[in-house]
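Work through the following exercises with the structure open beside you, and try each task before reading its solution.

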Amino acid sequence: MAVEKPRRPGWVEPPGHYLKSREMYSLPGLVEYKPRARYLFSAGQAQSRFLRGLREGKILGTRCPRCGRVYVPPRMFCEYCHAPTTEWVELPGTGRVHTAVVSYIGTFRERREEPEIVGVIQLDAPGYVEGGYEFAGLFHRLCGVTPEDVMSGRAIGMRVRPRWRPPEERRGDVNDIECFEPIPEGEG
Amino acid sequence: MGVHTYVAAAHPNIVVAPPTSVGRILMRRVAIVGAGWAGFRPQVPELSFRELVYEAASRAYEEAGVDPRSDVDAFVSCQEDYWEGIAIADEFAPEPLGAVLRPTYTVAGDGLQGLAQAFMMIRSGAFDVVVVEAHAKPSDIVTLDGIYELALDPLHVRPLRPGNPLFTAGLDAVAYMARTGASRLHLAMVAAANKRMGLSNPRAPHAARVTVDDVLESPTYIYPMSQLEVAPFTDAAVVMVLASDEAARRLTDAPVWLDGVGWATEVGTGAVEFHEWGRMPSIRAAALMAYQMAGVDSPASQTGFAEVEDRFSFMELLALEELGVAGEGEAAAMLERGDLAPGAFYPVNQSGGSLSVGVPLEATGLWRALEAYLELRDNSGAYDQPRAVVASWRGPPTYTSAVAVLSAV
């Protein structure tokens, strides 16, 4: 039985037929197993406060008193100084797209019809000096950014802001930010 | 009789390397110059594993007087991805250790195996100061049974749905008792003693004032062991700073030396049919390797005390025999004579062992080494032979063990 799958142009169907998973696993030499692995991660001091902040529509970070790095997502310690980050800072949430990608590739390297557009957002952090360190940032979805924006390079440096879910839908989760979207001209 | 002959005679499967192949490596001595710990509670819900490790690391660096960003040459982390719930979890190791952009790697095994790696790195001459870390947060794992099942052979053991593979400890206990004549009473004596000794240890959340009768009367967990004879889990992080002899003398006036390390794995996990039931030859092979390096022929007379595997009560007795501290089948008699108590002929698990402290997964071996280190650092004058044997076994369903010999002189 043929399975409908997106095929690249020029694909020639090989001889034979596709097996259903049940048929495949009934072949000698294949033993099916489904793992049971569930966890309840302790988010810890830093990320717990960060996640609570998201529920309130705030992006919180911590600052290293020695080197001045602002960590978003926050850490209770500076990775570079191995010192406690004692100061909390609230970031405005705005920032610029540092790098972005439009991806059509699926897990098994098949091509998808709809692309995913994701990026790393350099957040506006108080006291940040360009080039001073890696910057505070979040990896997230980009919406309102087209594949052409990304592929032409227009997306890089684009001013963006978080599109928050309505307060009643927020769960203290990074998905409380639906995505980052471009700030309309003249607003940011 | 020397250990070499004893082990070879008892276990034809253990291939004993001639002393020269290991003993020839007599380069620099390796010392432990600082140690830190955090957690050691059944649950540490207020800290992430990163924060737990950071806390332990800060304490270790403070004691050693080192800055991890400038004074440490390399880092070794010990954990397993499925315990962590993170694939490729070694990528998470550098941050809390101050090891970002520094030589770091992970040993997917017990912390004592990590200690052995650091030992080799320093002896090679390529590194002067190496940090070893191990941590565990079993309280984060919801389906511990599911994770255990993943450790069983997928083809001929998992389909039997054997439940928690801790049952293999019962198979070993029964076989050990049948062979040696050790009784349920002996096993209960181990548990009662360890639970009480842990009462003075700040790392022992499972310590309790219990009697042998309390142990015997607690509900059966895994026959022949009762609830109080099976160690519960513990969240913990342990960090140790190791240094070459030159660096150690710069950092401290009283280093504790790591004079020998050894490790071995028996038949593959899941091949339960091939295990030598009632024995743990991996402990024996690991001990032999460590003893040869440390120049130990007779552990009971050349070392002063031991911290050994006891996550099941019988394992303490079996470990002492596999380590050559007790003769074949003679550990129970030593226990009866009181030889294993603090201040006696050969104190064992004065920390309270895992029965008091619990099982912090891959941090268990490094924690046992921590207990021996602290005792040698603070109390070495109490021993004619201020040296310790540390032995760790990774627990069901594995047959991997590691042994270290520590010395205050």
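**Exercise 1. Count the helices and strands of chain B, and decide how compact the chain is for its length.**

Solution. In this predicted model, chain B contains 17 helices and 11 strands. The next step is to set the radius of gyration of chain B, which is 20 Å, beside the 22 Å that the globule rule gives for 409 residues; the two values are close, so chain B is as compact as a globular protein of that length. Along its principal axes, the C-alpha trace of chain B spans about 55 × 50 × 40 Å. Of the 409 residues in chain B, 57% are buried. Finally, if one takes the contacts in chain B with a separation of 6 or more, 77% of them are between residues 24 or more positions apart.

**Exercise 2. Describe helix α9 of chain B, from its length to its surroundings.**

Solution. Begin with the length: α9(B) covers residues 184–197, and its 14 residues reach 20 Å from the first C-alpha to the last, close to the 20 Å expected at 1.5 Å a residue. Next comes burial, where α9(B) proves to be mostly covered, with 11 of its 14 residues buried. Among these buried residues are B:His186, B:Leu187, B:Met189, B:Asn194 and B:Lys195. The last step is to ask what the buried residues pack against, and in chain B the partners are α10 (212–217), β6 (225–226), α14 (313–322), α15 (331–337) and α16 (353–357).

**Exercise 3. Classify the packing of α9(B) against α14(B) by its angle, and list the residues that meet.**

Solution. The axes of α9(B) and α14(B) are 7 Å apart, and the two helices pack at an angle of about 100°. Since angles of 65 to 115 degrees count as roughly perpendicular, that makes α9(B) roughly perpendicular to α14(B). On the α9(B) side the residues are B:His186, B:Leu187, B:Ala188, B:Val190 and B:Ala191, and they meet B:Ser313, B:Phe314, B:Glu316 and B:Leu317 in α14(B). Sorted by class, the residues of this contact of α9(B) with α14(B) are six nonpolar, two polar and one charged.

**Exercise 4. Carry out the analysis for α6(B) and α17(B).**

Solution. Helix α6 (residues 111–123) and helix α17 (residues 364–379), both of chain B, have axes that come within 5 Å and cross at roughly 70°. It follows that α6(B) and α17(B) are roughly perpendicular to each other. The contact is made by B:Gly111, B:Leu112, B:Gly114 and B:Leu115 in α6(B), which meet B:Thr364, B:Gly365, B:Leu366 and B:Ala369 in α17(B). By class, the residues of the contact of α6(B) with α17(B) are four nonpolar, four polar and no charged.

**Exercise 5. Examine α3(B): is it enclosed or exposed, and what follows it in the chain?**

Solution. Helix α3 (residues 49–64) of chain B has 16 residues and reaches 22 Å from its first C-alpha to its last, close to the 22 Å expected at 1.5 Å a residue. Because 13 of those 16 residues are buried, α3(B) is largely enclosed by the rest of the structure. Just after α3(B) comes B:Gly65, which takes a positive phi of about 70°.

**Exercise 6. Locate the backbone features that depart from the usual pattern.**

Solution. As a starting point, most residues other than glycine have a negative phi, and most peptide bonds are trans. In chain A, the peptide bond from A:Val72 to A:Pro73 is cis, with omega near -5°, and A:Pro73 lies in the loop between β2 (70–71) and β3 (87–91) of chain A. In chain B, a cis peptide bond with omega of about 10° joins B:Tyr223 and B:Pro224, and B:Pro224 is placed in the loop between β5 (220–222) and β6 of chain B.

Turning to phi, A:Phe135 has a positive value of about 80° although it is not a glycine. A:Phe135 is found in the loop between β5 (111–123) and β6 (137–141) of chain A, and it counts as buried because it has 20 C-beta neighbours inside 10 Å. B:Leu361, likewise not a glycine, has a positive phi of about 40°. The place of B:Leu361 is in the loop between α16 and α17 of chain B, and with 25 C-beta neighbours inside 10 Å it counts as buried.

**Exercise 7. How many residues of each chain take part in the contact between chain A and chain B?**

Solution. From chain A, 20 residues are in contact with 26 residues of chain B. The side of chain A that touches chain B has, by class, 12 nonpolar, five polar and three charged residues.

Technical notes
Residues are numbered from 1 along each chain as its sequence is written. Chains are lettered from A and ligands numbered from 1 in the order in which they are written. This is a predicted model: local features need pLDDT of at least 70, side-chain atom pairs count only at pLDDT 80 or more; totals for chains, interfaces and linings use all residues. Axes are lines fitted to C-alpha atoms, for helices over the stretch in contact, and angles run from 0 to 180 degrees between N-to-C directions. Helices (H or I, at least four residues) and strands (E, at least two) are DSSP runs, numbered from the N terminus. Angles under 35 degrees count as roughly parallel, over 145 as roughly antiparallel, 65 to 115 as roughly perpendicular and the rest as oblique. Two residues are in contact if their C-beta atoms, placed from the backbone, lie within 7 Å. Ala, Val, Leu, Ile, Met, Phe, Trp, Tyr, Cys and Pro count as nonpolar, Asp, Glu, Lys and Arg as charged, and the others, Gly among them, as polar. The expected span of a helix is 1.5 Å times one less than its number of residues. A residue is buried if 20 or more other C-beta atoms lie within 10 Å of its own, exposed if 12 or fewer, and partly exposed in between; C-beta atoms are placed from the backbone. The radius of gyration is taken over C-alpha atoms; the globule rule is 2.2 Å times the number of residues to the power 0.38.
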